[in-house]
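The following exchange examines how the descriptive terms applied to a protein model follow from their definitions. Each reply sets a value against its cut-off and then concludes.

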Amino acid sequence: MIDILSYIPQKRKQTSSGWVSFNAPCCVHTGESADRRSRGGVKQQEDDWSYHCFNCGFTASFVPGRPVSYKARKLLGWLGVDSTDIERLNLESLKRKSLLDLTAERNTIKQTQIDFDEKEVPEGVELIDPELDQHKHYQQYLDKRGIVLEYPFLVDKKRGPRDRIVVPYTYKNRIVGHTSRYLDSRTPKFINSQQPGYVFGYDLQKPNWTSAIVVEGIFDALSISGLACMHETISKEQAQLLKQLKRRIIVVPDQDRAGLSIIDAAVEHKFEVSIPEWPEDVKDVNDAVVRFGVAHTLQQIHQNAERSKIKIEMFKKRLQRKLND
Ligand SMILES: [Zn+2]
């Protein structure tokens, strides 16, 4: 296989989430001006890798066992990989496929593979750069909401009629959708491009973590590296994706009417539920993080995590009474 990291420029930056950013090689080939602000990003896990550019929007990925795609070939070529090496990679990958097929055939338990289509981020966006004057208010918004996570938050290059922050959705490090959070007070606050069954935050979960926290909104998830269903319920497909993490799943409902229905969904899927006793004006995990900080909020969530259906029903009644007061 190919170690893509050995082909990218030496001038690079590694983020805590495993992405390596460097000046994107694609833009000059896609009709954009050359990238000088390290807007290309690559993440490699074993022999899998994916690439995206937040300057021209070009994306490409490689998964062993599948043919090397047209876009992956392009990218490797721009990075200076020899065409014979690309061809060799393709052959090795296909060889791996026949081995994978054999193993799958021997495997009597058929597992449905969860997958999403790869999508591009909206046109004309760029990464938030806290150094830029015209980006300061976006960074201030994230700071105000207690978001310290390094995440590729995007904004419009040319300011549109409504200021927004675009949050790319990823699954196994490929971009599969996005949401726009508008910063004014008009509705809708969010516009989502989301595939059915998708859960935000899958890639934020670390292999050694023993639990995963599921919340309703994307900023709740971003503030504690949790997962978000972004609905008032958890669909069967979303539950399947969560179970795939093979760890404790703790659902934290918003403390409002919508929260009540996500509690029912959590019980149905046999997940744990945590309803910390927060002050009246703390309605969700993000409010709690802003008020108490990340560590304390996580501690509250774990201390109040409950598995017993009877106890969860009791807590639900307590929340109902609080909402009726
Ligand atoms: Zn590019």
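Q: Where is Ser-33 found, and what makes it exposed rather than buried?
A: Ser-33 is found in the loop between E2 and E3; helices (H or I, at least four residues) and strands (E, at least two) are DSSP runs, numbered from the N terminus. Buried means under 20% relative accessible area, exposed over 50%, and partly exposed in between, with a 1.4 Å probe and protein chains only. Ser-33 has a relative accessible area of 53% and is therefore exposed. Between the C-alpha atoms of Ser-33 and Cys-56, 23 residues apart in sequence, the separation is 8.6 Å.

Q: How do you know which residues can be discussed in this way?
A: The model is predicted: local features need pLDDT of at least 70, side-chain atom pairs count only at pLDDT 80 or more, and totals for chains, interfaces and linings use all residues. Residues are numbered from 1 along each chain as its sequence is written, and side-chain values use heavy atoms, with hydrogens and water left out. The term pLDDT denotes the predictor's confidence in each residue, from 0 to 100. The protein chain averages 91, and 97% of its residues score at least 70. Among the elements, helix H2 (residues 83-106) has the lowest mean pLDDT, 82, whereas strand E12 (residues 227-228) has the highest, 98.

Q: What makes Cys-26, Cys-27, Cys-53 and Cys-56 donors of the zinc ion?
A: Donors are N, O and S atoms within 2.8 Å of the metal (3.2 Å for Na, K and Ca); water is not among the atoms, so sites may look incomplete. The SG atoms of Cys-26, Cys-27, Cys-53 and Cys-56 lie 2.3 to 2.4 Å from the zinc ion, and they therefore satisfy the 2.8 Å limit. In sequence, the spacing of these donor residues is C-C-x25-C-x2-C. Cys-26, in the loop between strand E2 (20-22) and strand E3 (40-45), and Cys-53, in strand E4, are 27 residues apart, and the pair links distant parts of the chain.

Q: Why are Cys-26 and Cys-53 called buried?
A: Cys-26 has a relative accessible area of 0% and Cys-53 one of 1%. Both values fall under 20%, so the two residues count as buried.

Q: Why is the site of the zinc ion called tetrahedral?
A: Four donors count as tetrahedral if all angles lie between 85 and 135 degrees. The angles among the four donor atoms of the zinc ion are 100 to 122°, so the criterion is met. Ideal angles at a metal are 109.5 degrees for four tetrahedral donors.

Q: What makes the phi of Asn-173 notable, and why is this residue called buried?
A: Most residues other than glycine have a negative phi. Asn-173, in the loop between E8 and E9, has a positive phi, near 70°. Its relative accessible area is 8%, so Asn-173 is buried.

Q: Is Glu-46, with its positive phi, buried or exposed?
A: Phi of Glu-46 is near 50°, and the residue is found in the loop between E3 and E4. With a relative accessible area of 76%, Glu-46 is over the 50% cut-off and therefore exposed.

Q: What distinguishes a cavity from a pocket, and what is the volume of the largest cavity?
A: On a 1 Å grid over the protein atoms alone, a cavity is a set of points where a 1.4 Å probe fits but cannot get out, and a pocket is an open set with protein on both sides within 12 Å along at least five of seven lines; lining residues have an atom within 4 Å of a point. Grid points are joined across faces, edges and corners, and a volume is the space filled by probe spheres set on the points. The largest cavity has a volume of about 30 Å³. Its lining includes Trp-19, Glu-118 and Asn-173, and E4 gives the most to that lining, with three residues.

Q: How much space lies in the largest pocket, and which residues are closest to its centre?
A: The largest pocket holds about 1,400 Å³ of space. Of its 45 lining residues, the closest to the centre are Gln-45, Lys-172, Asn-173, Tyr-202 and Asp-203. E4 supplies the largest share of this lining, three residues.

Terms used. Tetrahedral: all angles 85-135°; square planar, octahedral: opposite > 155°, others 65-115°.
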